[in-house]
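Welcome to a short tour, made to be followed with your viewer open. Please load the model and get ready to select a few residues as we go.

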Amino acid sequence: MEKTRLSDHFTLSEFLNVDKYPDNKPTMQHVANMTYGCLMLLEPARQAIGCPIIINSGFRCEAVNRRVGGVAGSQHLQGQAADIRPKDPAQFQRLVDFLRHHALTDQLLTGPGWLHISWNPFGIPRHYVKIGYYK
């Protein structure tokens with residue numbers, strides 16, 4: 001799984017964190033959803049800010065979602081969300097600005113130096129943006 005590429009710059013292992021959560025196993029649909037997010041949002045965002053994007057949390061199975069205090073119904077459970085940060089902290093605002101205006105952003109919630117981004121390959125994006133959501 002470590003070498004499985006979802007896009008040019010993102011791998012499946014980045015989304016799973018199986019070293020910490022060995023039971024965090026996605027289905028093929030989850031992998032397809034993560035691939036969509038990488039191709040449609042994360043790769044364009046990486047290009048726009050000019051530096052790598054670090055995935056703090058991606059896909060979460062039910063058990064992992066409970067362990068980390070994730071909300072029930074989280075899009076992380078579907079492979080449709082990631083908590084991310086730019087490798088270069090100086091690019092954080094550029095990342096936020098790019099994603100807040102992207103047509104396929106479903107939800108964007110920011111925290112101190114990181115953000116939650118979600119996408120929905122099967123529906124109309126809500127474009128819900130809340131700056132400073134996580135304190």
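Is the crossing of α2 and α4 left-handed or right-handed? Keep in mind that you are looking at a predicted model. To find out, select residues 28-49 for helix α2 and residues 92-100 for helix α4. Turn the view until one helix lies in front of the other, and you will see that the crossing is right-handed. The two axes come within 9 Å and cross at roughly 135°. Angles over 145 degrees would count as roughly antiparallel, and α2 and α4 are therefore described as oblique to each other.

Next, show side chains where the helices meet. On α2, pick Leu-41, Pro-44, Ala-45, Ala-48 and Ile-49. On α4, add Arg-94, Leu-95, Phe-98 and Leu-99. Colour this contact by residue type: eight of its residues are nonpolar, one is charged and none is polar.

Now for the cysteines. How many disulfides does a search of the whole structure find? The count is zero. Select Cys-51 and then Cys-38, whose sulfur is the nearest cysteine sulfur to that of Cys-51, 16 Å away. A disulfide needs the two sulfur atoms within 2.5 Å, so Cys-51 is in no disulfide. Switch on the surface here, and Cys-51 turns out to be buried, with a relative accessible area of 9%.

Last stop: Cys-61. This residue is in no disulfide either, and the nearest cysteine sulfur is again that of Cys-38, at 19 Å. Cys-61 also counts as buried, at 14% relative accessibility.

Technical notes
Residues are numbered from 1 along each chain as its sequence is written. This is a predicted model: local features need pLDDT of at least 70, side-chain atom pairs count only at pLDDT 80 or more; totals for chains, interfaces and linings use all residues. Side-chain values use heavy atoms; hydrogens and water are left out. Axes are lines fitted to C-alpha atoms, for helices over the stretch in contact, and angles run from 0 to 180 degrees between N-to-C directions. Helices (H or I, at least four residues) and strands (E, at least two) are DSSP runs, numbered from the N terminus. Angles under 35 degrees count as roughly parallel, over 145 as roughly antiparallel, 65 to 115 as roughly perpendicular and the rest as oblique. A crossing is left-handed if the near helix is turned anticlockwise from the far one by less than a right angle, and right-handed if clockwise. Contact means heavy atoms within 4.5 Å. Ala, Val, Leu, Ile, Met, Phe, Trp, Tyr, Cys and Pro count as nonpolar, Asp, Glu, Lys and Arg as charged, and the others, Gly among them, as polar. Buried means under 20% relative accessible area, exposed over 50%, partly exposed in between (1.4 Å probe, protein chains only).
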